[in-house]
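Subject: Structure for you to look at

Hello,

Here is the structure I promised to pass on. Please open it alongside this note. My findings follow below.

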Amino acid sequence: MHIIARRAAIGFCFPVLGSLCASGLTGTRRTSTMAEKLIFNKPKIELHVHLDGAIRVETILDVAKTRGIPLPADTAEGLKDRIIVHEPGTLTTFLGKFNEYMHVIAGDREAIKRIAFEFVEDKAKEGVIYVEVRYSPHFLANSDVEPIPWNQQKGDLSPDEVVRLVNEGLSEGERAFNIKVRSILCCMRHMPSWSMDVVKLCKKYQRDGVVAIDLAGDESLNCEANPGHRKAYEEAVRCGIHRTVHAGEVGPAFVVKEAVEVLKAERIGHGYRTLEDQALYKKLLGQDMHFEVCPISSKFTGACNPDFTKHPVITFKNDKANYSLNTDDPLIFNSTLHLDYSEVHNHMGFTEEEFKRLNINSAKSSFLPDNEKEQLLQRLYEAYDMIETTAF
């Protein structure tokens, strides 16, 4: 039996960030300042972030120059202006931003390994000690995939090799920056023909850093899971592969219900629209279902009311739900995890105690094996001035 005892209370500084309006972020001046880093300057867990949505702009420019690929801008600021979502819009508009740069990285072995390594470095700088990063291996390939994405010419880089390259980059980053990283492979709602291949890759690399399968894509256009996705998730259940699903971000609550009851999801990506079905919400609360919440993302994809004081995560917080705070696609939202923490503190009443609680729940809801999960929890307890003892 585990007993958690508080060892000491630490003072908590709440700086005033005058550059942010009462309803949250506006315009293009979204940056993480040193003051924001003090909002919760302790180890954090992140469970919902896309590798291809977390690439450095400078890396895109560098790879484009090396490969001789023209871009609509040749400076970091100019390219950011094209990539960043500046105002609240729709999920479809947001997803269109990937067309601005994915063709630069896809199909290039060195670039793929590089973005994985740099991702780990960036997360370590944000105080993240464990992260699960997700991506579609097919979107980074140029062979053994139909259709070939991003209007690439057919090449010799398969989804299988993409996974191997990402694993290598993540592993090198782990060793360099003292952070634990695992990956999740994404099926795409509009490409059910890829899904069985995704679950096969999850099985192949299950002992090499891949911990789960996901279903991502434009939920507003493809609400109901295709039979191809269902078959892949059935195979994942059979093989003991962990499962998460993007659901209830912009789609109705029944998409969440399908994710849980049909696809057997263990976690829900976003899940805000669950609140539209109170019976379902209460059921998931009782099951301790984990919601992967992405506050800044939700403002710009049209997932939630842009007034952060009315965000669904406030209900999750008040109900002591099981959820995490995540960046989703920090490149496109010009954000960091520090900024997400700053926003929920400034506009949603989050306290240090709630940040500790949600990170502990995030560790418990991670897709790590039990022994590694216990080690991760112990790191958090020590960092949060708590101690865990075992009574026999």
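Of the 392 residues in this protein, 58% count as buried. Please keep in mind that the model is predicted.

**Overall picture**

The protein has 17 helices and ten strands. Its accessible surface comes to about 15,800 Å². Carbon and sulfur atoms hold 51% of that surface. I also looked at contacts between residues at least 6 apart in sequence. Of these, 75% join residues at least 24 apart.

**The second largest pocket**

Rolling a probe the size of a water molecule over the atoms shows where empty space is left. The second largest pocket holds about 460 Å³ of space. Its lining is made up of 26 residues. Closest to the pocket centre are Leu 95, Phe 98, Phe 139, Met 188 and Gly 217. Three elements each give two or more residues to the lining: β2 (44-50), α4 (91-96) and β4 (180-188). Which of them gives the largest share? That is α4, with four residues. By type, the lining divides into eleven nonpolar, ten polar and five charged residues.

**Ser 183**

Strand β4 also contains Ser 183. Is Ser 183 buried or exposed? Its relative accessible area is 1%, so Ser 183 is buried, the cut-off being under 20%. Now set aside the neighbours within four places in sequence. Ser 183 is then in contact with Val 133, Tyr 135, Asn 167 and Leu 170. Its contacts also include Gly 209, Val 210, Val 211 and Ala 212.

**Leu 325**

Next, go to strand β9, residues 322-325. Leu 325 lies in this strand. With a relative accessible area of 0%, Leu 325 falls under the 20% cut-off and therefore counts as buried. What does Leu 325 touch, not counting residues up to four places away in sequence? The list includes Ile 45 and Glu 46. Val 293 and Pro 295 are on it too. So are Leu 337, Tyr 341, Val 344, Phe 350, Phe 355 and Leu 358. One further pair is worth displaying. Leu 325 and Glu 292 are 33 residues apart in sequence. In space, their C-alpha atoms are 6.7 Å apart.

**Where to start**

I would begin with the pocket, at α4 and its four lining residues. Then turn to Ser 183 in β4, and finish at Leu 325 in β9.

Best wishes

Conventions: Residues are numbered from 1 along each chain as its sequence is written. This is a predicted model: local features need pLDDT of at least 70, side-chain atom pairs count only at pLDDT 80 or more; totals for chains, interfaces and linings use all residues. Side-chain values use heavy atoms; hydrogens and water are left out. On a 1 Å grid over the protein atoms alone, a cavity is a set of points where a 1.4 Å probe fits but cannot get out, and a pocket is an open set with protein on both sides within 12 Å along at least five of seven lines; lining residues have an atom within 4 Å of a point. Grid points are joined across faces, edges and corners, and a volume is the space filled by probe spheres set on the points. Ala, Val, Leu, Ile, Met, Phe, Trp, Tyr, Cys and Pro count as nonpolar, Asp, Glu, Lys and Arg as charged, and the others, Gly among them, as polar. Buried means under 20% relative accessible area, exposed over 50%, partly exposed in between (1.4 Å probe, protein chains only). Contact means heavy atoms within 4.5 Å. Accessible areas come from the Shrake-Rupley method with a 1.4 Å probe; for residues, only the protein chains shown count as cover.
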